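Visitor: Hello! Could you walk me through this structure, one step at a time?

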Amino acid sequence: MLALTYLYILAAAAGLLLGGYSLLAGGGRILRWRIAGVMAAVAVWSISYLLIPTGSSIGGLSMLVELLLLFTWYLLIERLLRGPYLQSMPEQVRQGARWIWALVLLACVATLFPLQEVARVFPDADVYLVALLILDLLALALAAQFFGEATIDRESSLKLICLAAVLVVGSQAVMTTVSLLSLQVPPWLMLLRVVSMIVALALVVAAWRRNPQWSLAAFISPRARAYASKLMAVGAQLVLI
């Protein structure tokens, strides 16, 4: 699809320009590196999919690119939740989320070893997709926590950033689910993803205009039990899948 190629180029160029601008002319230091990392990952993602055949399944290079994209957006959501003084996110929740990342990545690394008995039951492609879906749902749960619990500046610029993350991670979760069911990624779904990516970048720009110093004027409840309902919802969705 020619339109898809142009959209990838647009997303890559926008990511590179916004990433460079955030480093050279960005405001405060709190979110600058997180935003720059997100923009770099968007550029890498877009350029990579220019080279990956349309309709192919997730694995190898595409899996690494998707994990990089998700990891940068996850770090941005986590930084929003931790607040301006790094005290708003309960330490047990933060450490628990990092353990989930570590275990999921360990499962992906395990597929590199020639374990034939395991491969017959859990094909590599399924392991990659389930791993990506678990991390997607975790990121969406934390984003929902920010939307539901954060007391925020009146311009709501931070919620625009979080909404951008939801668009990117949510479209990735849809792609992963479809891939699990059909073992391929249809072109229309990649078109939806790159459009979501461009809209997400536009939301970041809008947030930037409202809050050029990237101030993190937000309060989130530091109680661990405030996260329980979202994390339980993630567990329930995984059980259903």
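**A walk through the helices**

Guide: Gladly, and let's start inside helix H6: Leu132 is buried, at 0% relative accessibility. Please keep in mind that this is a predicted model.

Visitor: Which residues does Leu132 touch, leaving out those up to four places away in sequence?

Guide: Leu132 belongs to helix H6, and contact here means heavy atoms within 4.5 Å. With that cut-off, the partners of Leu132 are Met63, Glu66, Leu67, Leu70, Gln172, Met175 and Thr176.

Visitor: How far apart are the C-alpha atoms of Leu132 and Thr177?

Guide: Along the chain, 45 residues separate Leu132 and Thr177. In space, the distance between their C-alpha atoms is 9.6 Å.

Visitor: Is Leu133 buried or exposed?

Guide: Leu133 also has its place in helix H6. Buried means under 20% relative accessible area. Leu133 has 3% relative accessibility, so the word for Leu133 is buried.

Visitor: And what separates the C-alpha atoms of Leu133 and Thr176 in space?

Guide: Counting along the chain, Leu133 and Thr176 are 43 residues apart. Their C-alpha atoms are separated by 6.2 Å.

Visitor: Let's step back. How many helices and strands does the chain have?

Guide: Reading from the N terminus, you meet the elements in the order α-α-α-α-α-α-β-α-α-β-α. The count is nine helices and two strands.

Visitor: What share of the residues is buried?

Guide: The chain has 241 residues. Buried ones make up 46%.

Visitor: Among contacts between residues at least 6 apart in sequence, what share joins residues at least 24 apart?

Guide: Leu132 gave us a taste of this, as its partners include Met63 and Thr176. For the chain, the share of those contacts that join residues at least 24 apart is 79%.

Visitor: Which helix gives the most residues to the largest nonpolar core?

Guide: That core has 59 residues, and Trp45, Leu69, Trp73 and Met190 have the most contacts inside it. The elements that give two or more residues to it are H1, H2, H3, H4, H6, H7 and H8. The one that gives the most, with eleven residues, is H3.

Visitor: Met190 was on that list. What is Met190 in contact with, leaving aside neighbours within four places in sequence?

Guide: Met190 is among the residues with the most contacts inside the core. Its partners beyond those neighbours are Leu4, Tyr8, Trp45, Tyr49, Met175 and Val185.

Visitor: Tyr8 and Trp45 form an aromatic pair. What kind of pair is that?

Guide: A pair of aromatic rings is described by the distance of the centres and the angle of the planes. For Tyr8 and Trp45 the centres are 5.8 Å apart and the planes make 70 degrees. Planes over 60 degrees apart get a particular name, so the pair of Tyr8 and Trp45 is edge-to-face.

Visitor: Which helices does this pair link?

Guide: Both Tyr8 and Trp45 are buried, and ring pairs join them with Tyr49 into a cluster. The two residues of the pair are 37 residues apart in the chain. Tyr8 sits in helix H1 and Trp45 in helix H2.

Visitor: Are H7 and H8 roughly parallel or roughly antiparallel?

Guide: Two packed helices are described by the angle between their axes and the distance between the axes. The axes of H7 and H8 come within 7 Å and cross at roughly 170 degrees. Angles over 145 degrees fall into one class, and H7 and H8 are therefore roughly antiparallel.

Visitor: Which residues does Leu189 contact, apart from neighbours within four places in sequence?

Guide: Leu189 is part of helix H8 and is buried, with a relative accessible area of 0%. Among the residues that make the contact between H7 and H8 are Leu189 of H8 and Val174 of H7. The partners of Leu189 are Val174, Met175 and Val178.

Visitor: Which backbone oxygen does the side chain of Ser179 reach?

Guide: Ser179 is in helix H7 and is buried, with a relative accessible area of 1%. Its side chain makes a 2.8 Å approach to the backbone oxygen of Met175.

Visitor: One last serine: which backbone oxygen does the side chain of Ser22 reach?

Guide: Ser22 lies in helix H1 and counts as buried at 0% relative accessibility. Beyond residues up to four places away, Ser22 touches Arg32, Ile35, Ala36 and Trp208. At 2.7 Å, the side chain of Ser22 reaches the backbone oxygen of Gly19.

Notes:
Residues are numbered from 1 along each chain as its sequence is written. This is a predicted model: local features need pLDDT of at least 70, side-chain atom pairs count only at pLDDT 80 or more; totals for chains, interfaces and linings use all residues. Side-chain values use heavy atoms; hydrogens and water are left out. A nonpolar core is a set of buried Ala, Val, Leu, Ile, Met, Phe, Trp, Tyr and Cys residues joined through side-chain atoms within 4.5 Å. Buried means under 20% relative accessible area, exposed over 50%, partly exposed in between (1.4 Å probe, protein chains only). Helices (H or I, at least four residues) and strands (E, at least two) are DSSP runs, numbered from the N terminus. Rings of Phe, Tyr and Trp (its six-membered ring) pair if their centres lie within 6.5 Å; planes under 30 degrees apart count as stacked, over 60 as edge-to-face and the rest as tilted. A polar contact is a pair of N or O atoms within 3.5 Å; within protein, one must be able to donate a hydrogen and the other to accept it, and residues adjacent in sequence count only if both atoms are side-chain atoms. Axes are lines fitted to C-alpha atoms, for helices over the stretch in contact, and angles run from 0 to 180 degrees between N-to-C directions. Angles under 35 degrees count as roughly parallel, over 145 as roughly antiparallel, 65 to 115 as roughly perpendicular and the rest as oblique.
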